[in-house]
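Please work through the exercises below with the structure at hand. Each task is followed by a solution in steps.

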Amino acid sequence: MHRFLRISVLLTGLFAAVSVYAAESLQTTQMTEDSLGPLVEQPIEFPHNRHAGDAGKGGMEINCMYCHTYARRSAVAGIPPLQKCIGCHQGIESVREAPRIKKLFEYWDAKKAVPWKKVHDLPDFVRFNHERHIKRFVEQQNRPFQEVCGYCHGDVKEMTVARRSKALSMGWCASCHQKDHAVVAEGGTQIGSQAYWYTFYKPEATDGSTDVLKAKGPNDCWQCHK
Amino acid sequence: MMDSGFDRRDFLKVMGWSGAAVALSGCGNTSIEDGKETVVSYVEAADFVIPGIGVYYNSSCAQCDAGCSINGKVREGRVLKLEGNPASGINNGKMCGLGQAGVQHHYNPDRVREPLLRNGNQGEAISWEKAYALIAEKLDGVSGEEIAFLSGGVSGHLKVLLGNYLSSFGCKNHFVYEALSPGVVRAANKKAYGVEMPRYNINKAKVVLSFGADFLGAWVSPVHFSQQYAQFRNGADGQRGVLIQVEPKMTLTGANADRWVPIRPGTEGILALGIINALGTATGDIAAAVKNYDKVRVSKETGVPPGQIDKIAAILKLRSPSLVLAGGAAEGYAHGSQNAAAINLLNHVLGNVGKTIVAPVTVPFPQMAPAKGNTAALKSLNDGLAAGNFKVLFNYAANPVYTAPGAMKFKDNMAKAEFKVAFTHYLDETALQADLVLPLDSALEDWGTQVPEYMTEGAQINILQPLMENLHPNTRGMGEILLALIKQRRPEEYKNYEDYYAYLRAALVQNKNAFGGHSMDDDTFWNETLTKGIIKLAGTTTALNGGTNVSSLKLPTPAEQDEQFPLQLIPSVNISLRDGRNSNQPWLQESPDPLTTIVWDSWMEIHPKKAAELGIVEGDIVEVTSRVGSIKTQAYLFPGIHPDAISIPIGQGHEAMGRYAKGYGVNPFKIIDTVFDRETGELAMHETRVKVSKTGQRVIIVKDESAAGAKQVREKIAGRVSTDNVDLSKEV
């Protein structure tokens, strides 16, 4: 009897703890197609609209890739080195005394990195590959960068500091991968060696092939959960 | 175990339910944490630096003295993984587990981070300027003879700089001490072949007869020998090489051998002479020297059956060239030199010299050649300290308070020096006795050059370069420190070198012609050198010119049974922990010993027969007592050991050094008798006799092999034939 009492107390405690945790985390989770993340306060309020926005709205129409150059070369996009900002801004006298630019040069003079806050922070068990998506949409399908980046990052050229505007949850990823994205690369996945889950498309054999089929996106958990 | 009445099943039930509860409540939620983590960019980034993509640098491994070259993956300014550099003739792109753990040395949480000055029992953090000034102050008015510098093996430009620093105040007391050096074998080789370390062609031998040389595990250059061994096993002409290992305690090499021959400890030389006798091909002096070593006598003294001796002799006769090696188990006796000489003689008789034992190549800069050392050096330092001859003691890359035999009382003698400086990575046993502790860069942060003792076909100088910026801002490289110190003495001579990097660059660039850089300008040569991580050069070959002088060869008959201390203690060398310098790397602690699979602890290997005699079962805590002292550890029944011997691995039992080293296992150095080899003065590591007694306690040994408490000999995996009944020629 003593034993069961002990276990039930423990179980009740655990359940209470889990419920509290679950209730709290539920509040912050947004699962809609377009859901704005929290406003993140950055050390410098970087105006994306000024840099990348349309000329008609006072923007410079700078290509995303000019600063976020790592995105097309690596799985992670990284943050542009401070040197990049200074490279242009040391020659732009007109805004040299603006408070944000002064702050920027303070960091530069101290040779210190700007402690930006992550706006699109996936959980540690998710690997999203930037390079692969840019290769597919920009290099193979010739779509403009702003559109392609915008699939996940929203309309950044209208923002000052970036704010998350997509859910970036697994269901949200699947919502895009459900559409028919036939990969034209050679190879494909051997039937039987793939794992698919959720609403990711089940690979189907194509005409005229016996065991090789064209993938429609990740059909292996390992692609994202390494 | 637990007396709460809460048993394992209930515990698992609760865990199961709570796991399910978490899974249910967590379903469908993602944990995107916007705006919480900081993402730091580079201030200035080189073009080739892309976040998420590794950059690779070549450098050199400093985990042991073999001198393997490494290639480190660096991402976002952090070194992540080390592999071998394929350009190196020593490791050819391969790497051992010990080397892999180099990152754990680098990222170790117990590294010293600030210069520390003794204040009572505390170390007080001081600035480097103050530390340098203090050294200058303490050296002021002290004569060169009163200063001693103790170091482990050093080579390359560090050795040159150290020599110059010591000579700047007329100090000749540079003691080089390697706790596990093959000192006796070096001396015997010098006599037999004319060089201390010839080049062994294991891959060209058809039979390797190794007297306790654990060349696959921890002997001289194991990564290189392992590759040679693979070729040896494939066979040069399709004939698979045969490995016979003679040793009282099975090593990793012994476990790989075709024939493992347990021998009475210390009688290796007698067996070698017995084999020469059985071969019957020797003439003249040699024949005369071995004529009394007939099978019956040799068998009686060594415990090796006569048939076994015949078989070894037969296969050596049948297949040529062969290679005979003398290793740690043969040299660790008062007559170790004689043992090694007898074994080397066997190579002469078999005609292996010049075939499988060939002239080594050396770097044509003798000042950079490795300074080798042994316990004899430690002994003379210890004597000097005891006599109060030294006022200032420097210590670098050695930990004598831990590795010196307990009977030497090094710790007490060290206290007699007025000012003791330790250059160190960890607060190890020796650093704790110092007055000033200076923290060193890890090998992955430092600049330097290495000249390996054991060279392969071509000579090479290894380059050490930082794979990443300093992890801790206040550590310094040894070269950097020595340069700062020598600038105190000879400012004019060294004023052009801003730092050790500048010194090293200048030193290498000015000799670029010798390093194959005659067609390059300085910058190109330097960049090429750093890119490759190795300087390959022609080198000079020292011809073998040793003799077969047998007049001084005198092997003592084995001692009579000692009633009080009936067993021989074999302090064995663990392939990961070596002399204990790597014990604070948890990967190495966690790597099971290859033969016993025990982790995170010491143990005493004892033969099952002997254990039954003494009533010992696995896990019994036993007290091992020598004339000097006693230690307590767990017993492990191991058929791979001579019944007259027990074995305790070296490397554990630290009293300091760090969280992963301190308090695990016992240190057999503490009970080693101070017996020395008669010729070289090297510590006779295997000469200690002990007795074993049960304490009454028993534990479950933590090991990988089978269920706790099960015996290794429990199951027969393959059919076995006793060693006497095996026809060796049919085995291979």
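The exercises concern a predicted model and take up helix packing, a sheet and confidence.

**Exercise 1.** Determine how H6(B) and H14(B) are oriented where they pack, and which residues make the contact.

*Solution.*
Step 1. The axes of helix H6 (residues 183–193) and helix H14 (residues 336–350) of chain B lie 9 Å apart, at an angle of about 40 degrees.
Step 2. Angles under 35 degrees count as roughly parallel and 65 to 115 as roughly perpendicular; H6(B) is therefore oblique to H14(B).
Step 3. The crossing of H6(B) past H14(B) is right-handed.
Step 4. H6(B) contributes B:Val184, B:Ala188, B:Asn189, B:Ala192 and B:Tyr193 to the contact, while residues of H14(B) include B:Gly336, B:Asn344 and B:His348.
Step 5. By class, the residues of this contact are six nonpolar, six polar and no charged.

**Exercise 2.** Identify the edge strands of the seven-strand open sheet of chain B and the helices H4 and H18 that pack on it.

*Solution.*
Step 1. The strand order is E6-E5-E18-E17-E16-E7-E8, and the pairing is mixed.
Step 2. E6 (122–125) and E8 (174–176) of chain B each have a single partner strand, so one side of each lacks a neighbour in the sheet.
Step 3. Within the sheet, E7(B) and E16(B) pair in the parallel sense over five bridges, and B:Phe149 has B:Phe394 as its bridge partner.
Step 4. Helix H18 (residues 478–489) of chain B touches E7, E16, E17 and E18 of chain B. Helix H4 (residues 128–139) of chain B runs at about 135 degrees to E18(B).

**Exercise 3.** State where confidence in chain A is lowest and highest.

*Solution.*
Step 1. Chain A has an average pLDDT of 77.
Step 2. The lowest mean, 46, belongs to strand E2 (residues 189–190) of chain A, and the highest, 94, to helix H5 (residues 99–109) of chain A.

Methods
Residues are numbered from 1 along each chain as its sequence is written. Chains are lettered from A and ligands numbered from 1 in the order in which they are written. This is a predicted model: local features need pLDDT of at least 70, side-chain atom pairs count only at pLDDT 80 or more; totals for chains, interfaces and linings use all residues. Side-chain values use heavy atoms; hydrogens and water are left out. Axes are lines fitted to C-alpha atoms, for helices over the stretch in contact, and angles run from 0 to 180 degrees between N-to-C directions. Helices (H or I, at least four residues) and strands (E, at least two) are DSSP runs, numbered from the N terminus. Angles under 35 degrees count as roughly parallel, over 145 as roughly antiparallel, 65 to 115 as roughly perpendicular and the rest as oblique. A crossing is left-handed if the near helix is turned anticlockwise from the far one by less than a right angle, and right-handed if clockwise. Contact means heavy atoms within 4.5 Å. Ala, Val, Leu, Ile, Met, Phe, Trp, Tyr, Cys and Pro count as nonpolar, Asp, Glu, Lys and Arg as charged, and the others, Gly among them, as polar. pLDDT is the predictor's confidence in each residue, from 0 to 100. Two strands pair if DSSP finds at least two bridges between them.
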